[in-house]
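The exercises below ask for a reading of helices, burial and contacts, each followed by a worked solution. Please keep the sequence and the structure in view while working through them.

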Amino acid sequence: MNVDAVDAQASVLMNRGIRLMEQAEKAAIEEAVRCFDEARELREQLPFSDHPALCYGLAACWLNRGEALSRLEQYS
C-alpha cells in the first residue's frame, strides 16, 4: 500500500466535503457526509503504528462528519 497516495486520496475527499458544506443545502451536506465517510474508510486502512501523525487525518474525518451531521439537523 502506498500510504502517501491513500492519504492524498482521502485529503481530496475531505476537501470536497468541506467545499460541499459551504453550499448550505441539504443535498450538498448529505454528499459531504458521504465524502467524509469514504475518506475515513481509506484512512482506517493506513498503518498508524508506523505513522502516528496519520491519526490526525482520521480524527479530522470524524470531526468533519460530525459537523456535517449537526448541520443536517436543521433540515429535519
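Helices (H or I, at least four residues) and strands (E, at least two) are DSSP runs, numbered from the N terminus. The model is predicted, so that local features need pLDDT of at least 70 and side-chain atom pairs count only at pLDDT 80 or more, while totals for chains, interfaces and linings use all residues. Residues are numbered from 1 along each chain as its sequence is written, and side-chain values use heavy atoms, with hydrogens and water left out.

**Exercise 1.** Place Asn 64 in its helix and determine whether Asn 64 is buried or exposed.

Solution. Begin with the element, which is helix α3 for Asn 64. Next, take the cut-offs: buried means under 20% relative accessible area, exposed over 50%, and partly exposed in between (1.4 Å probe, protein chains only). Asn 64 has a relative accessible area of 19% and is therefore buried. Finally, list its contacts (heavy atoms within 4.5 Å): leaving aside neighbours within four places in sequence, Asn 64 meets Met 14, Ile 18, Met 21 and Phe 36.

**Exercise 2.** Carry out the analysis for Arg 40 and describe what covers the buried residues of its helix, α2.

Solution. Arg 40 belongs to helix α2, which runs over residues 26–43. Its relative accessible area is 15%, so Arg 40 is buried. Not counting residues up to four places away in sequence, Arg 40 touches Leu 58, Cys 61 and Trp 62. The buried residues of α2 also include Ala 28, Ile 29 and Phe 36, and what covers the buried residues of this helix includes α1 (3–21) and α3 (54–72).
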